[in-house]
Amino acid sequence: MAKIPVQFRLNGTDRAAFVDAPETLLNTLRRSLGDFAPKYGCGQGACGVCTVLIDGEPHLSCLTLSVACEGRQVETASGMADGPELHPLQAQFMEHFAAQCGFCTPGMLTAARALLDRNPNPTRDEVIEAISGNICRCTGYEPIVAAILAAAGSPGLRRA
Amino acid sequence: MLELRKDLFADERDDNLNVIGKGIQRQDMPGHVTGLTRYFDDHAFDGMLHLKVVRSPHASARIRSIDIAAAARAPGVKRVLRAADVPVNKNTLLSLINFGKDDEPSLAVDQVHYKGEPVVAIIAETEAQALAAKKLVRIDYEPMPAVFDVEEALKPGAPVVNETYPANYFEYHERFDHQKLRFGDVERAFASADMVLEHRYQMSPIEHAPTETNGSIAAPEQNGRFVVHSCAQGLFFALGTAAKIVAVESNRLHFIGGTVGGGFGGKVDSLTEPLAVLGAMVTGRPVRFVLDREEEMLYGSPRGAERIYIKDGLMRDGRIVARQIRSYFDAGAYTRLSSYAAIKCTAHLPGPYWIPNVSSDVHVAYTNRCPSTAMRGFGITAVDFALEVQMDRLAEAAGMDPMEFRILNAYRDGDMKPHRRKASNTALIECVQVAAGKANWPISEQGKRQSSLTGGGAGERAQIPATVLDARGQIGRPDTRQSGPTQTLPAGTSRIAPSKQPVMEGARDGRAAPTQVPRYEPARTATQPLAPAAYAPPPSPYQPVAGRQPPPYQPPPAPPSPAPAPATQTQHGAVRFSSVFGRRR
Amino acid sequence: MLDVRSCTTLSEAAGILSGDRQAVLIGGGTLVMRDVNEGRLTEGTLLRVTDPAFRRIEAGGGRIELGAGVTMGMILANRELAFLHPAARAIGGPAVRNMASVGGNLFAPAPYGDFTVALLALDAQVVLQAGFGSGRATPLEEFLAARERSGSALVTSVQFSRPANPGDFHFRKISRVKPKGISVLSIAAHLPLAGGRVAQARVAYGAMAPTPIRARGVERALEGKSLDAAAIAAAKTGALEGCRPATDAIASEWYRREVLPVHLGRLLAGEPR
C-alpha cells in the first residue's frame, strides 16, 4: 500500500515522513523521525508513557493516527531542554529522585508540562489529577508529585 | 522519609561511609529526564522485521495439525517459524546452572499446556502485516483435560501437565517430590502444646506489569555475530539461554542491555530473545519481538500463586513450640524459576522466630496455567504474609499484644535455626520496637528493654534437637505421601552423609523404567516410637505481661467461596483453632 | 490491510459506513486504535470525520446537542456544561479526555462508558444517520440495547434537555484506584423535585450490565417520594433490579452487587463516597 506523506512541526522543527495509512504517531516519531522519548507501554491508552503534546494539549501518541497530525504542533520530552539547559521540571525530577527505571519519565514530564503551561501554580490535587493517566510501576508517585510542585512557579517555566 | 537509626547496633558498623546515608545523584538520571536513555526498543535498524507469535487458545490440548500456508503467502511475511525450526526446542532456565530438566519448548510441538503458549512465530515487514498474518494460521486442536488447582494436580490420576514431570511436581535432589525441612519433633510438641492452630492461606498470581513490555531486537553483525538489544534483567542469563536454544557459541551473541523499563523479576525468563535471534539468523535481517500489553498481562509470567497451610503449637504464655508448614507453589505449566522459589521459601521458614520444632514440605506443582517466575522476593513474600497473619492469630489466641508476641518469639543472635545455622545480625526486636514507636503503639517497658543481642543462644536455643525423619513424598511413590516417621537423628546432627544407593524401587508411576539415582542414605538407627512423653518447651528470655486482650475479630461478609479445602488428618489432645475445619471448638 | 479515509462531511461518512461493511468510524481513537494495535482490526477502512459539525457543542439553551466527535476535554472547557463535568472528568486522564469522544463512549464496553451513564440519566436521544439521508433521533436506551447490531449507521450527535436545576443531577464513579481508575461501577441520577417530591426520576448504572442500564427499580421506589430515609431504603432494596454485572479484572460480580446499594444510598443521601 502506498505511503502517505505527513508534515508537522516536531519540537519546533518542521518534519516530514512517509507513513502507512493506519500508522500511529508513536511509530512515526520513533521509527521515522528518531524521537525515542515517547515509549510504547500498552497501545490501549492505559499507561501514558507515549504522551505527547499536540497543539499544546496532552495526547496519547499510540492511539493517534499520524495522518491526523498533518500541519499540527507536536512536542515531546525530547524538546523540553534548551540545549544543555534543563526545563525546570527536568531539573526538579533529577533533584527529587523522581525516576527509577525512567520508562514513564518522558510521559510524566510531558503530562506535567501540559499542566504547568496552563496553570503555573497548581495545587497538589491538581498535580495528581494531571498525571492520573500516567502509570509509574516503580511506585514513585510521591517524588514525582514533589518534583512537579517544586517546579511550579519557577521563572524558567514559560520559556517557549 | 529515610531515617538512619544509627543508635541501633552502633558498634557493629563503621560509620566512615562515603555513599550510604548521603544524597548522591544517580548516573542515569540525566538520560531519564531528557528522554535520551536508550531502552532495548530505542534502536533503529534499516529493514527491521517484526515477529509476532500465534498462541494457544486452550489451557490443554493436543495439536492435530498446523497449516501455515496462507500465512506464509500473506503480504509482507518473510518467514513463519514452527517448533521444528528451533534448533534446541526444549529448555529450562536454570539448566545454565544444571538445576532441573529441560521441560519447556520455545514453540509448542504437539501439545499445548497453557492458554497463551507460543505455537507459531510470524516474521513480517511490519507489525500490522505480522498481526494480519497471524489470523491466517490454521491450527487444529483437540482439547484435553486440564488441572488448575495445585493439590488436585498432585493427586494420582490428575491430567499430566508437563511430560517431563509426569506426576506434576518438580523433583528435588532426584529423590523427593518436594523440598523438605525437619528440625526437632513437631508432632510431640503439638501433643503437649496448650493450643494448636491451623490455617490455610491462598495467594493469587501477581503480574509484574512493567511499563516496558518484554521484548528484544536481534540484528546480524559482522563475522557471523548477532547484536541483541534486550530488556533482560539478567543479560548474560538471557545470552546463555538464547545461545543454547539457537545452538550457537555464546561468543557469537553480543547482548546489549541492562537498561530495563521496569522488571521486578518478570524479565529474567528470556521470553523473546531466543526467537528474535533465530529470526535474525533465518532472515538475515534485524528482527524485533515485543510483547503487546495484553500478552504481557496474560502470558508474561506472574508471581506464582501459593497455597500455604500453617499449623502451630502454642503455649498459653505465648511461646510457639512447633510450626509445621505445607506449601504448594503453582508453577503453571513449566518450571522456569518455581523450583528455586520453593528453596528460597524453605530457607526462610519458620520466619524470623525461634521455634524449637519446625517441619515443612514445600511442593512445586504444575498446573495448566501460565508459567510463573521470579518477582520481588518470590518464595518469601507470600509465605511472610501468611506467617505474619498467622502470628496475629496466635497472639489473639494467647491473649497477647501482637507486637509483644513478636518480641517474645523473635530470633536473637546465637539462636539455632532449623537449617542448622546460628542466627546472626538479627534485628526483628528492634524493628518491632521502632515500628511500635512510629505507630504510637504502646508496648511494655519490658518489651522496650529487649534486644536481639541478648538472651539468644541460651541453652536449648543454641542446640540442634533430636530430629524425626520420614520418607514422605518420594519421587514416583504417591503411596509415600502420608507415610510416618522412619527414624530419629540424634541431637546435634547437622549433616547427613550422601550415599549411592538407589532410592526408587519399581517403575515411576507405572510408566517409566526403574530409575537408578543416588540417594542420601542416613545410617539405619532404630526408629524411635512417637512416645507421648510430655514435651517441656524451653524458657524464653522474655516473659511478657499477660492480660492484654485485643478486641475480637469480626470477619467481613464472605464472598462465594471456592471449593472447600481438603481435610487433613490431625490427632492431638489440644484445643484446636482451624480455618481448614471451620470455627473454634 | 487497513486504509484510512478522511471525510469532510457527515453525509459522506454516513454514506460510506452504510455501504461498506468493513468501514469503521474512528473518533478519538481510544477504542478503535487499541483494536488496531492489538491486531483485532487488520482489514477495512478507518473513517475520520473532519466536518466541524461533528465536534459542535450547542449548549446555549434548554436543549443541548453534543456532536459525536466532541471530546471530554471540550465538555470540561465549556462552562454551560458544568453539570456534566464530573462525568466528563471521570473518563481517563487528561490525555484520554483530549481524545475520547461522546460518540465513542456510547460504544465503550463495560466497565467503560461512564459518560454514557450520565447521558442515560438525562434521557438523551442519539441522532443516527444512515446513508445519505437525514438524522433520526433514537432514545439512548433503545440504541444501547441494539448497539452491537447498529454498526452501519453513523452517530452524529446526542441531544438532551438541560436539567432545570443542575443540583438535581448527580454522578458518581466508584473505582479502586485514586484519583482515577476503571469503574467498579458508576451511577448517574437525575432527581427533579416537584413540591419536595421526586418527579420523573432517572437513575442509570455503568458496569452493572453489558451496557449502561436504567435502574427502574430505584426510579419506581423514588417516584413521588421525598428523599427521606424511608425512600432511600426502598431505593436500595430495588437497586439491583435488572443488573447483570460481570466479573472482570476490576471487580467480581459479587462485589459489584454488594457495593452498588451502598453507593446508591450515599449518593441519594448526599453523603460523600
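Visitor: Which domains does the domain assignment of chain B give?

Guide: Domain bounds here come from an automatic or database domain assignment. For chain B that assignment gives domain 1 (153-205 + 304-554) and domain 2 (215-299). This is a predicted model, where local features need pLDDT of at least 70, side-chain atom pairs count only at pLDDT 80 or more, and totals for chains, interfaces and linings use all residues. Residues are numbered from 1 along each chain as its sequence is written, and chains are lettered from A and ligands numbered from 1 in the order in which they are written.

Visitor: How many residues of domain 1 of chain B are in contact with domain 2 of chain B?

Guide: Two residues are in contact if their C-beta atoms, placed from the backbone, lie within 7 Å. By that rule, seven residues of domain 1 of chain B are in contact with six residues of domain 2 of chain B. The domain 1 side has four nonpolar, one polar and two charged residues. For these classes, Ala, Val, Leu, Ile, Met, Phe, Trp, Tyr, Cys and Pro count as nonpolar, Asp, Glu, Lys and Arg as charged, and the others, Gly among them, as polar.

Visitor: How many residues of chain B are in contact with chain A?

Guide: Here 25 residues of chain B are in contact with 33 residues of chain A. Helix α1 (residues 29-34) of chain B gives the largest share of the chain B side, five residues. Helices (H or I, at least four residues) and strands (E, at least two) are DSSP runs, numbered from the N terminus. By class, that side divides into nine nonpolar, nine polar and seven charged residues.

Visitor: And which element of chain C supplies the largest share of the side that touches chain A?

Guide: That is α2(C), with four residues. In this interface, 23 residues of chain C are in contact with 27 residues of chain A. The chain C side has 11 nonpolar, seven polar and five charged residues.

Visitor: How do I read two packed helices, such as α10(B) and α11(B)?

Guide: Two packed helices are described by the angle between their axes and the distance between the axes. Helix α10 (residues 381-398) and helix α11 (residues 402-409) of chain B pack at about 100 degrees, with their axes 9 Å apart. Axes are lines fitted to C-alpha atoms, for helices over the stretch in contact, and angles run from 0 to 180 degrees between N-to-C directions. The two helices are therefore roughly perpendicular to each other (65 to 115 degrees). Residues making the contact include M391(B) of α10(B) and F405(B) of α11(B).

Key
Angles under 35 degrees count as roughly parallel, over 145 as roughly antiparallel, 65 to 115 as roughly perpendicular and the rest as oblique.
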